[in-house]
Amino acid sequence: MDRARAGRLAAVAGRVEFSESFVPADRFREDVIAGLAAPRKSIPPKYFYDARGSRLFEAICRLEEYYPTRSELALTRAHLGAIARFAGRGAVLIEYGSGASVKSRLLIGALAPSAYLPIDISLDALRGAAAALRRRFPRLDIHAVHGDFSRPLKIPALPGRGRRVVYFPGSTIGNLTPREAQAFLRRTRAQVGSRGAMLVGVDLKKDAGVLHAAYNDAKGVTAAFNLNLLARINRELGGDFRPRRFAHYAFYNPGPGRIEMHLVSLERQQVRIGRRRFEFEAGETIHTENSYKYSVEGFQRLARRAGFRAERVWQDARGHFALHGLTALEAVA
Ligand code: AVJ
């Protein structure tokens with residue numbers, strides 16, 4: 001982002017400060033080509049979220065069948081006092097992937113943090129969130145960081161402002177394999193320091209029927225979200241995918257404990273992206289997302305291996321979703 005844009009953001013939102021962790025290189029083309037050239041085709045799920053994809057995701061969150069958003073909101077409301085006591089008032093609240101900030105608003109209201117640092121890869125999302133929070137909490141110091149939280153990044157040092165608490169809701173951590181999630185938690189542990197803490201939202205293992213419905217909704221919004229990836233490739237990378245020749249396919253895979261989303265080729269076909277050509281057999285798939293589900297104990301074990309003490313856990317009434325309160329272990333194992 002250039003200085004003029006950063007300046008305008010600060011001007012619009014008043015006390016909002018803005019910093020650039022790094023400029024994310026656009027790896028969309030490279031990642032898509034490499035993913036489709038592999039023997040088992042895949043595309044990383046972070047590429048779902050263009051403008052239309054982000055709107056479709058918000059529509060998913062409102063679906064009857066998609067319980068995670070409502071469950072996490074309900075458990076946050078129900079346990080807000082305890083969650084705030086766990087994090088401590090006056091903490092520096094750092095949010096990874098700040099998105100639609102309903103839950104952050106609840107938390108900020110209860111925690112009264114000394115500063116709020118939303119980190120997001122989307123500049124538009126950051127500006128929107130910062131402006132909305134500025135209106136709601138006119139005295140809150142907001143330090144928006146434009147960057148990719150999945151990589152090591154620079155966070156403004158705010159000495160004397162209280163402990164660092166990272167907030168990572170939404171079960172976004174489920175997109176990572178357990179191995180990647182552990183490495184990610186370990187980096188977060190380094191980021192919050194020895195007095196720091198983390199609040200992380202994790203979708204729970206549950207009846208496969210409930211899981212299946214959440215990723216195969218009756219209105220077909222999840223299908224549209226999945227297929228939108230092909231339209232995005234056509235538009236941004238000059239592809240010639242015919243989305244109607246592919247179908248949304250999502251299922252729970254109990255071995256690894258994850259929902260898998262795929263796009264299945266409905267016939268034998270060839271697709272071009274620029275000058276590259278890719279062959280699809282009938283029934284061959286592009287694996288577009290994993291969404292891992294954890295038992296409470298399973299996630300606690302993972303957190304411990306990453307240098308956290310799993311101190312608290314809050315769940316919704318139906319036991320569908322968990323919010324884990326983790327504190328840094330003195331020495332990282
Ligand atoms: C944003 C990764 C948590 O895995 O449930 C929703 C994305 N994909 N429906 C999830 C998603 C299909 C969502 N996460």
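Analyst: Helices here are DSSP runs of H or I with at least four residues, and strands are runs of E with at least two, both numbered from the N terminus. The model is predicted.

User: Between which strand and which helix does the loop with Ser171 lie?

Analyst: Ser171 sits in a loop. The strand is E5 (164-168), and the helix is H8 (178-192).

User: Is Ser171 buried or exposed?

Analyst: Buried means under 20% relative accessible area. Ser171 has 8% relative accessibility, so it counts as buried.

User: Which strands stand at the edges of the open sheet of three strands, and why is one side of each left without a neighbour?

Analyst: The order is E7-E8-E11, with antiparallel pairing. Each edge strand has a single partner strand, so one of its sides has no neighbour in the sheet. The edge strands are E7 (246-253) and E11 (285-292).

User: Which residue in E11 is the bridge partner of Met261?

Analyst: Strand E8 (residues 258-265) pairs with E11 over seven bridges, in the antiparallel sense. Met261 has its bridge partner in E11, and that residue is Glu289.

User: Which helix gives the largest share of the largest nonpolar core?

Analyst: This core has 34 residues, and Leu36, Phe241, Ile273 and Ile286 touch the most other members. Several elements supply at least two residues each, including H2 (28-37), H3 (51-61) and H10 (221-237). The largest share is six residues, and it comes from H10.

User: How many residues are in the second, separate core?

Analyst: Among its members are Ala115, Val202, Ala303 and Ala306. Its residue count is 29.

How values were computed. Residues numbered from 1 in each chain as written. Predicted model: local features only at pLDDT ≥ 70, side-chain atom pairs only at ≥ 80, totals over all residues. Heavy atoms only, no water. Pairing = 2+ DSSP bridges. Buried < 20%, exposed > 50% of the residue type's maximum accessible area, 1.4 Å probe, protein only. Core = buried A, V, L, I, M, F, W, Y, C linked by side-chain atoms within 4.5 Å.
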